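Trainee: I would like to learn how to read a model feature by feature. Can we start with a single residue and work outward?

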Amino acid sequence: MKTLTTMALATAVSALAMSAAAETKIGMITTLSGGGAGLGVDVRDGFMLAMEQAGRDDIEVVIEDDQRKPESAVQIADRMIQSEKVDIMTGIIWSNLAMAVVPAATAQGVFYLSPNAGPSALAGKRCHENYFNVAWQNDNLHEAAGAYANDAGLKNSYILAPNYPAGKDALTGYKRMYQGDLAGETYTKLGQTDYAAEIAQIRASGADSVYFFLPGGMGISFLKQYADSGVDLPVVGPAFSFDQGILQAVGGAALGIKNTSQWNKDLDNPANTAFVAAFEQKYERLPSLYASQGYDTANLILSALDKASVDDKDAFRAALKAAEFDSVRGDFKFGDNHHPIQNIYVREVIQEGDVFTNKIIATGLENHADAYAAECKM
């Protein structure tokens, strides 16, 4: 925890030192300590890699740790907006923190670009012209998993997720596409690490498969306990539960599991090839989904700043919406509610030497938009 916090402070100080006369100030609030810290570290590292590659001295990035606590995120956001006068905010991983921070930030004229959290409320009725999600709307990867479950002939899934906005969106998304029956549906505690009771329920349910969304350390705990339990049902999940950092901790128990993602390291386009190589060289690890999202978020901001000053809000907003940057996903475009319309892929967990990773095996949903855009009245 101390190391991660120190790294964040060092990054912030370094950014400040390089940009004493910055014209644009970016405030990044993300999770760098405690549960889920790996997700925030990857978003930060992907974002700062793009900034470093751009080599600009007119941008200042200030980074702070929210410790996965909504009250901390709100306090930091207020300070960044009121005292530090940031123009753009980014970085939040968790949807409950996003719901606590984003509406107040955008109402004060600050642009918020989400590199991860995509709660349904912000895609629909509470959308805002200054809010852009560069990752996905929360339901999307789960919708692709539901569609894959149909194709795989799974007819009686047991589904579970944490009881917070992204968890509810996850199961809603899966059920939106899944055509089979549900053997059970469970909401766990956010941050839970003991899943003995849930695994016992799965065992007794008559399910033919398990679908779960448990990001970060929650997914590591569940997968290890599930593998040790002797329950032998096919598992399907979104990328968040089978991402690069998680797989190394889970190991062989994840091999062969199918999961869904809008990105993978083997996507064949020049921007992605260069990103994967640069990230691995700089950080000595493979990039994760979160790192790719941080990288894309930074490059979107940079592309917009090439066209317009952030002080000209209308022009800058239009430049963001145009999304004229080289995304690691390939083609990238926003819908009218400022959420991506994109392909979502089916991946399989494999082993390459000593490293557990994913490979794309199919396109799950093509040019997929979220289900809430019609509720957005921008």
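Mentor: Yes. Keep in mind that this is a predicted model. We begin with P238 and its contacts. Leaving aside neighbours within four places in sequence, P238 is in contact with L141, H142, Y211, F212, F213, N259 and T260.

Trainee: In which strand does P238 lie?

Mentor: P238 is part of strand β9, which covers residues 235-238.

Trainee: Is P238 buried or exposed?

Mentor: The cut-off for buried is under 20% relative accessible area. P238 has 0% relative accessibility, so it counts as buried.

Trainee: How many residues separate P238 and F212 in sequence, and what is the distance in space?

Mentor: They are 26 residues apart in sequence. From C-alpha to C-alpha, P238 and F212 are 7.8 Å apart.

Trainee: Let us take Y164 next. Where is Y164 found?

Mentor: Y164 sits in the loop between β6 (156-162) and α7 (165-177). Its relative accessibility is 6%, so Y164 counts as buried. Beyond its neighbours within four places in sequence, Y164 is in contact with W94, S95, N96, L190, F213 and P215. Now set Y164 against F212. The two are 48 residues apart in sequence, and their C-alpha atoms are 14 Å apart.

Trainee: Now the domains. Which domains does the assignment give?

Mentor: The domain assignment gives domain 1 (24-136 + 268-334) and domain 2 (139-261 + 344-374). Their C-alpha centres lie 26 Å apart. The contact between them takes 16 residues from domain 1 and 21 residues from domain 2.

Trainee: How is the size of an interface often given?

Mentor: It is often given as the accessible area lost when the parts come together. Here, about 1500 Å² is buried between domain 1 and domain 2. Carbon and sulfur atoms give 66% of that area. On the domain 1 side, S120, W136 and L289 supply 29% of the area buried against domain 2, more than any other three residues.

Trainee: On to enclosed space. How many cavities of 30 Å³ or more are there?

Mentor: The count is 2 cavities of 30 Å³ or more. The largest cavity holds about 120 Å³ of space. It is lined by 15 residues, and the closest to its centre are I93, N116, W136, Y164 and F213.

Trainee: Into which classes does the lining of the largest cavity divide?

Mentor: The lining has 11 nonpolar residues, 4 polar residues and no charged ones.

Trainee: Why does the largest cavity lie between domain 1 and domain 2?

Mentor: Look at who supplies the lining. Domain 1 and domain 2 both give residues to the lining of the largest cavity, so it lies between them.

Trainee: What lines the second largest cavity?

Mentor: The lining consists of F242, D243, Q244, W263, N264, K265, P287, R347, T357 and N358. By class, these are 3 nonpolar, 4 polar and 3 charged residues. The space in the second largest cavity is about 50 Å³.

Trainee: Pockets come next. What volume does the largest pocket have?

Mentor: The largest pocket has a volume of about 240 Å³. Of its 15 lining residues, D42, Q244, G245, R285 and S288 are the closest to its centre. Two elements, α2 (37-54) and α10 (244-250), each give two or more residues to this lining. The lining has 7 nonpolar, 5 polar and 3 charged residues. Domain 1 and domain 2 both contribute to the lining of the largest pocket, so this pocket also lies between them.

Trainee: Where is R285 found?

Mentor: R285 is in the loop between α11 (270-283) and α12 (289-307). At 28% relative accessibility, R285 counts as partly exposed. Neighbours within four places in sequence aside, R285 is in contact with V41, D42, D45, F279 and E280.

Trainee: Last, backbone angles. What sign of phi do most residues other than glycine have?

Mentor: Most of them have a negative phi. Two residues here have a positive phi. Q67 has a phi near 55°, and R68 has a phi of about 60°. Q67 lies in the loop between β2 (59-65) and α3 (70-82). R68 lies in the loop between β2 and α3 as well. With a relative accessible area of 37%, Q67 is partly exposed. R68, at 22% relative accessibility, counts as partly exposed.

Notes. Residues are numbered from 1 along each chain as its sequence is written. This is a predicted model: local features need pLDDT of at least 70, side-chain atom pairs count only at pLDDT 80 or more; totals for chains, interfaces and linings use all residues. Side-chain values use heavy atoms; hydrogens and water are left out. On a 1 Å grid over the protein atoms alone, a cavity is a set of points where a 1.4 Å probe fits but cannot get out, and a pocket is an open set with protein on both sides within 12 Å along at least five of seven lines; lining residues have an atom within 4 Å of a point. Grid points are joined across faces, edges and corners, and a volume is the space filled by probe spheres set on the points. Ala, Val, Leu, Ile, Met, Phe, Trp, Tyr, Cys and Pro count as nonpolar, Asp, Glu, Lys and Arg as charged, and the others, Gly among them, as polar. Domain bounds come from an automatic or database domain assignment. Helices (H or I, at least four residues) and strands (E, at least two) are DSSP runs, numbered from the N terminus. Buried means under 20% relative accessible area, exposed over 50%, partly exposed in between (1.4 Å probe, protein chains only). Contact means heavy atoms within 4.5 Å. Buried area is the accessible area (1.4 Å probe) that two parts lose on being put together, summed over both.
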